[in-house]
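Thank you all for coming. I would like to take a few minutes to walk through one model, and I suggest that you keep the sequence and the structure in view while I talk.

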Amino acid sequence: MRAQDSATADLPIAASTGHRAGGVRRAGTVQAALGVVAFSLTFPATAWGLEGFGPWSLVGVRSVLAAVIAGGCLLALRVPLPARTHWAGLAVVAAGVVLGFPLLTTLALQTSTTAHAAVVVGLLPLTTAVFSALRVGARPSRTFWVAALAGAAAVIAFTVQQSGGALTVADAYLFGALLVCAAGYTEGGRLARIMPGWQVIGWALVLCLPLTVPGALVALSHEPIRLTVHGVAGLLWVAAGSQFLGLVVWYRGMAAIGIPKASQLQLAQPLLTLVSSVLLLGEHLTPAAPLTAAAVLICIAVTQRARG
C-alpha cells in the first residue's frame, strides 16, 4: 500500500512538470514566431534604407546603432563579461548575424527585388538545420528532413526559374548570406541555452564595434547620404528591430524549443515578406513568388509535428 500511495502521490508532480514543460515550449514557439515577424520586415526596411544610404554605410550604421542599444542594456543591468570559453561562439554569431548576413543581403538588394530575395532566403531553415545537426548533434526525424528538403527544392526551382536558368550575382550574395546566417543562428541558439538570448546578440554586437565604428565612418565619408523619411525609418528598423529586438526573442525561442524546430518557423518568413513588400514598397509579384512561398509554408505544419 505504501508503494502504491507513493506512486499515486507522484502523479500530480509529474503532471505539473509536464504542464510547465508544455508552457515553456508554447512560450518558446511564440517568441521564435515574433522573431520571424521582425525578420520579415528586414528586406523592405533595407530597401527603404538604401533610398538614403549606400550599402556599406547602411550596414555599418545599423550595426553601430544596434550595438549602442545593446551595450546600454548590458551596462544598465551590470551584466558581467561572458566566460572566455564563450567568446569563440560569440565571434561566430557576430560574423554571421551582425556582419555577414546584413552586408550580403544589402548588396543583393541593390539589384534584386525584396520578393525574390525573400523566397531565396526561404532556404535558411534547411541550412540552419544542417548546421545544427553538425554542430550540436541534433538529430531530426526522417519526416522532418523530407519536409525541409521539399521546401528547399521549391525555393531552388523558383530561383532558377526567376533567373532565367542561371544564377545572378545577387543570388550568389543571397546564398552566401544563408551559409553565414545559419552558422550564426546555430551558435547563437547553442549559447542561448547558457546565457539569456538578449545577452548573446548584445555581446556579439559589442564585439563588432572595433570593426563597425571605423567601417561606418569610412563608408559615410565615401558614399552619398540623402536623409529621407523612408531612409531613416528603414535604418532605425533594421538597427533596433531586426538587429537587436528580433534576435533577442529569436534566440530565446530557439533555446526553448530547439534549433531545428525554431528554424522551420522561418518557412513563414518569405510569405510575410512578400506581403510587406507589396504593402510597403508597392512591388508587383509574379505568380511564382506567392505560390512558392505558400508551398514552403505548408512544410511548417509537417516539420513542427515531426519528432526531433
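A search of the whole structure, which I should say at once is a predicted model, finds 5 aromatic pairs. One of them is formed by F39 and W250, whose rings sit edge-to-face, 5.9 Å centre to centre and with 75° between the planes. Because F39 belongs to helix α1, residues 2-40, while W250 belongs to helix α11, this pair ties together parts that are 211 residues apart in sequence. Both F39 and W250 are buried, and together with Y185 they make up one aromatic cluster.

A further pair is that of W87 and W203, again described as edge-to-face, with 6.2 Å from centre to centre and 70° between the planes. Here W87 lies in helix α4 and W203 in helix α9, so the contact between the rings ties together parts that are 116 residues apart in sequence. How do these two tryptophans, W87 and W203, stand with respect to the surface, buried or partly exposed? W203 counts as buried, since its relative accessibility is 9% and the cut-off for that class is under 20%, whereas W87, with a relative accessible area of 26%, is partly exposed.

That brings me to the helix that carries W203. Helix α9, residues 197-207, is mostly covered, in that 9 of its 11 residues are buried, and these are G197, W198, Q199, V200, I201, G202, W203, A204 and L205. What covers the buried residues of α9 includes α3 (55-76), α4 (87-108), α8 (169-191), α10 and α11.

Let me turn to a single serine. S277 lies in helix α13, which spans residues 269-281, and S277 is classed as buried because its relative accessible area is 0%. Which residues does S277 touch, if we do not count those up to four places away in sequence? Its contacts are then P44, T114, A115, G282, E283 and L285.

Finally, I would like to look at the outside. L65, I225, L227, V232 and L236 form a nonpolar patch on the surface, and together they have about 440 Å² of accessible area. Within this patch, L227 is found in the loop between α10 (209-222) and α11 (229-257), and L227 counts as exposed because its relative accessibility is 65%, where the class asks for over 50%.

Note on methods:
Residues are numbered from 1 along each chain as its sequence is written. This is a predicted model: local features need pLDDT of at least 70, side-chain atom pairs count only at pLDDT 80 or more; totals for chains, interfaces and linings use all residues. Side-chain values use heavy atoms; hydrogens and water are left out. Patches are made of residues with over 30% relative accessible area and no salt bridge: like charges are joined within 9 Å, nonpolar side chains (Val, Leu, Ile, Met, Phe, Trp, Tyr) within 5 Å. Accessible areas come from the Shrake-Rupley method with a 1.4 Å probe; for residues, only the protein chains shown count as cover. A salt bridge is a side-chain nitrogen of Lys or Arg within 4 Å of a carboxyl oxygen of Asp or Glu. Helices (H or I, at least four residues) and strands (E, at least two) are DSSP runs, numbered from the N terminus. Buried means under 20% relative accessible area, exposed over 50%, partly exposed in between (1.4 Å probe, protein chains only). Contact means heavy atoms within 4.5 Å. Rings of Phe, Tyr and Trp (its six-membered ring) pair if their centres lie within 6.5 Å; planes under 30 degrees apart count as stacked, over 60 as edge-to-face and the rest as tilted.
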